[in-house]
Amino acid sequence: MIRSPVSIETVALTGGVCVAVLVWLRRRPASYPGDAIPPSKQLKREAKFQEKSHKVDAGWKPCVEAQSEVLPHQVSGQQVWVYSSEKSEDPVLFSPANNPNSSDHIFRQAKLKEWKGPQPDSDIPLDCLSVVRKGFSFYQMLQCDDGQWAGDYGGPHFLLPGFVIAAYITGHMDTIFPAPHCKAIQAYLLNHQQEDGGWGSHIESPSTMFGTVLNYVALRLVGVEAEEEACQKGRQFMRQHGGALYAPSWAKFWLAVLGVYEWQGIAPVPPEMWLLPQWFPLHPGRFWCHCRMVYLPMCWLYARRFTFKAAEDPIASALRSELYQEGQKYQQIEWRRYVHSVADIDNYSPIHPFMRVLQEALLLYERFGPWKWLRKISSDFALEYMQSEDLETNYLTIGPVSKALHLLASWVAAGGETDSNSAARSTAFRAHVQRVPAYLWVAEDGMKVQGYNGSMAWDTSFAMQAAVEGGLVSEFKDMSKKAWQWLVQEQVRSLPHGDWRHWRQPIQGGWGFSTAEQAWPVSDTTAEAFKAVLLLRKHACIKAEGVPMPDQHLFDTVRFLLSYQNGDGGWATYENNRGWSWYELLNPSEVFGDIMIDYSYVECSSSAMQALMLFTEQFPQHRAREIAGAIQRGARFIEAMQRSDGSWYGCWGNCFTYGCWFGIEGLLCAGRPASCRPIEACVKFLLGKQNSDGGWGEDFASCFNREYAAREKLYGWVSSAAVKAATVTQTFAPSPTTLKLFAREELQKLQAQMEATPMRWATGADSTAQVERHHQTLRWIAQTYSQIQNQFPGDLHEEGAERLRKTLCWLVEQCEEVDAHAKGLLARTPDNFISTPKYYYSELRMRRKCLHPAHHQAFEKKEFLRFLCTEVMAFLRMEERLHVLSQTVSEPVPGYWEQCGQAAHKNAVELTAALMASFEAPQVVDELHQCSKEEAHVWHDMIDGSKGRVRFGPSSSLSREEKLEEEPRKDVLVESKGAMAKPVFVVSDCTGESAERTVRCALGQFGHCFERSCQADITIFRFATSTMIQEIVRQAKERNAFIVFTLVDPVANSLLEKHCEEHDVTCHDLWSPLLEKLEGYFDANRLGVPGRRQYADESYMNLIECIEYTRLFDDGVHPQRWAEADMMIVGPSRSGKTPLSFFMAQRGYKVANYPLVPDETPPEELWTFPQDRVFALTIEPKKLAGIRPMPSGALLLSHYSFR
């Protein structure tokens, strides 16, 4: 047999290699964080915060951190907190149930009191630039003297306990946390304890054992007794989850050094790892810097097996029983059994089986070893490494976890176990104590430990970028100069060649997240600060008066950024990536994922690319080719990191919205067109996540689940029912200007909705009559508002009620001022509302009630809010009508209608702002939007003549049809005796008209079934939002209903399908299959915006004009204008002229009709009208005789209804 020159084995091998290369080229980068975690592992619990609040004592003030001789370098002058017993203003009351995040009120009030310059005026800005200018007028008041902006950077709940435990063990609680500090810490811990008795790992997470065990210990160490309710609830939560034996490893470590957990139950942290050869793949120097710098002091303390003498301390001794199950003896616990135990609620990143095997091997090493000489060498190196870190960071260390561990380790290393006083005098310990305040922050929720020693560089950089983009640098010259000087001096100038003995690469030219002295620059902070510097240096005031920054310092930053780019094209955070993704198999922490190496991130990459591109524009000759190549590699990395749905996962913000921002910016910076596939896919993703109010909001669960989680609850918008009106006046109330601005924004949203349902105002041509009509309206409003001054609900809080009274008085004055020259009194029949929908009948009834002499009692609160919200809507519609008048009716004086319209809008804003001060802002907004929706319902009914319920004027006595439909409308399709109606829910995010008609047409195919045995009970849910979906599905489940829905909002759509699946409710999506097919057919993306078909285009307005014409020329009136009609219908009375006229009007014809009456000569215009467009109706005399005796009440018609 003759073999071919190329063997089969060679071909197979070559093919395999090619396939492997293709797979490798198409793989996701190692930095890809992964797709959504399985639903079974997703976060389903929600944080539930307590109603009660614990107040912080007055007397806390921020000040500049003082210099100290004990420190190796000068401090940056950041803000720290001191307590003074001098009388000062009480802090506001913190309400965790309303919002667990503080508003930094104490710091802001302190800065505002210090400000001596001009303050923002009270006028509402009318354009975007004015809004930005006013924002900076306020923001400059918060700037610190050295030029940076400080603020609360709290959040994690596992930081503060480490500082408290370290201070307690070293015996320096009184030094580090004096009595006022302890009280403020108590307030913080009690404020953030949740209803179940636990604490979350961070400020918004549900309770975890990590947060609960550590914060319970901290609460006890700062002086709260075990018998108090908070401690009892905390113990109950811990025992429900197995006690401290099931705390994660970091919590167990702190318990072990405190002496309330034994070292036998701790997973080994051997310092010998640091002695491995540097080329070894598992050397700790390859780990992410935060990971290795936390486990560095841990391994030293573990090697020492340092333990506080808990048995000799009353609180620590008590904790040995409080932390564990009731009746469980501390001395009898088999600690070795619980090395790997962790509660399910904390097991976010389960220890990999490979790591478990490795830990078991190390446990054997610890049991039968270790070699003393090796342990001593490795421990000495770890201690020397910690001391080097202390010196390089001016005793701040890389972050708060390592800072607390270094604080404790410095005391132990100085001999604190045997001679506490001598250890307290050591330089290292004194320096660490000196820098603890740099991590502390006080807000209205208490004293906390920040996630860093501040975020000053990050915040200042973005603030100045905004000032440049707004063109406000020269206008706010002093603010800009101070910020420029601070940014220049806070550039890192140390370690130009790195410190490779301790795995530090060169950092000169970077900026840290906080200050230069912290000496851990970050790629994205460096890039954003670099952008701010490059933008500012071009301005004349900076060139002339700012401190100089040599070009070489800018070149150093370029070198820094280029050196931080990884092989995959992206940028990491603090260092280059030194390891591989499989390092995560060795992750020893159950509560943190992806912490073993410094991955590349979309956010860091995008920031670095933008900064380098901006630099190239100013220095086109400096390393231009390298920069261009780096930017293109970064763009390819960003594209590779994009998820299949078009989004980017943001690792350093919350979360997909944040990642998408940087992803798009990075691609545009690299020259990708806005129409490229990745950007279009991302835009489609973002449009699908837009909220109904036009904004975007995302829950932290996105980070946990790696899947977009819409935030249904906006903190600060849903208030607690238990917060009484008496406490409302103690909370931090927004300023009048803020309320007006917010009210203006909300009204703009309302007006945008109202554009979809425009009114057809009967304006006429008589200017004098229109002026009189407008003045009559204002007089009636003034009369009403004057009357209700003493009819306020009794449960409005005093401050809000007083503001509302003042606003109503102001409105009365405004209306009376405009009405000064009006004549006559307003007629009781409100004909000035003839062309408005019946929605306003509620308002008219309320006004009659206000003006009635017998009505003197106070309103119900809900009724009062509804009435005043309809008043807001009336002002908005008045503004709309006046705009129409300005285009159609001559003005008595130039600009008259426009001025009146502006006054109406101002009235709406003022009244809305007053309502927000008197009621709860979200309640007011919800009521306004509900008013808008109900108005839209009624207007749709008005233009649909086939419904037979159209009214164009009020009757003297309002009937059942005129009441607002506050519940979803229900229609029984077929009346059949003895049959039970089967419920059908029609759910729409607009009017529901399309869905309802489709369902009715479909049900028409089952008429034979209805006649025999069943009927359909249709319930229509209009303008459904994602917040309403759960309640709708719940009702459907209770009634066993079938749901048919047309939801164009992808979030609401998927949410409804998800809830239906969970509750086993049958549902059918009418829109999505059609829209998906159309997207493919037209090769275009849908907008996902409800109600698009209802925009008032020309055809829609023509239809309204036809209906309006037909209404006005019904029953033979105004023959002089019949020539405008498209057709004329004549016939005897009751022959069906009016119904047919409106039927044709809805199809786009202007129709006039004339009743033929015996012995009455028709007008001449009937004979001159084109005879081929005249249609005559006939009716048999018997039928006519049967119709005429029927009273109008039997037809549910009023004097203002059609004949």
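Let's start with confidence: this is a predicted model, and its chain has an average pLDDT of 80, with 77% of the residues scoring at least 70. Two stretches call for some care. Over residues 1-6, pLDDT stays under 50, and the model has two contacts there beyond four places in sequence. Residues 821-857 also stay under 50, and for them the model has 91 such contacts, again counted beyond four places in sequence. Where pLDDT is low, the predicted coordinates should not be read in detail, so please don't lean on those contacts.

Now, let's go inside. Which residues have the most contacts inside the largest nonpolar core? They are F177, L258, L323 and L408, in a core of 205 residues. Helix α10, residues 289-304, supplies the largest share of this core, with eleven residues.

Let's pick L323 and look around. Setting aside neighbours within four places in sequence, L323 touches Y216, V217, M238, G243, A244, L255 and V260. There is also a second, separate core, made of 20 residues, and among them are L865, C869, M873 and V925.

Last stop: a hairpin. Strands β5 and β6 form it, with two residues between them. β5 covers residues 440-443 and β6 covers 446-449; the two run antiparallel, joined by four bridges. If you want one pair to find on screen, try W441, whose bridge partner in β6 is K448.

So, are the faces of β5 buried or exposed? In a regular strand the side chains alternate between the two faces of the sheet. In β5, L440 and V442 lie on one side, W441 and A443 on the other, and all of them are buried, so both faces are covered.

Technical notes
Residues numbered from 1 in each chain as written. Heavy atoms only, no water. Buried < 20%, exposed > 50% of the residue type's maximum accessible area, 1.4 Å probe, protein only. Pairing = 2+ DSSP bridges. Core = buried A, V, L, I, M, F, W, Y, C linked by side-chain atoms within 4.5 Å. Contact = heavy atoms within 4.5 Å. pLDDT = per-residue confidence, 0-100.
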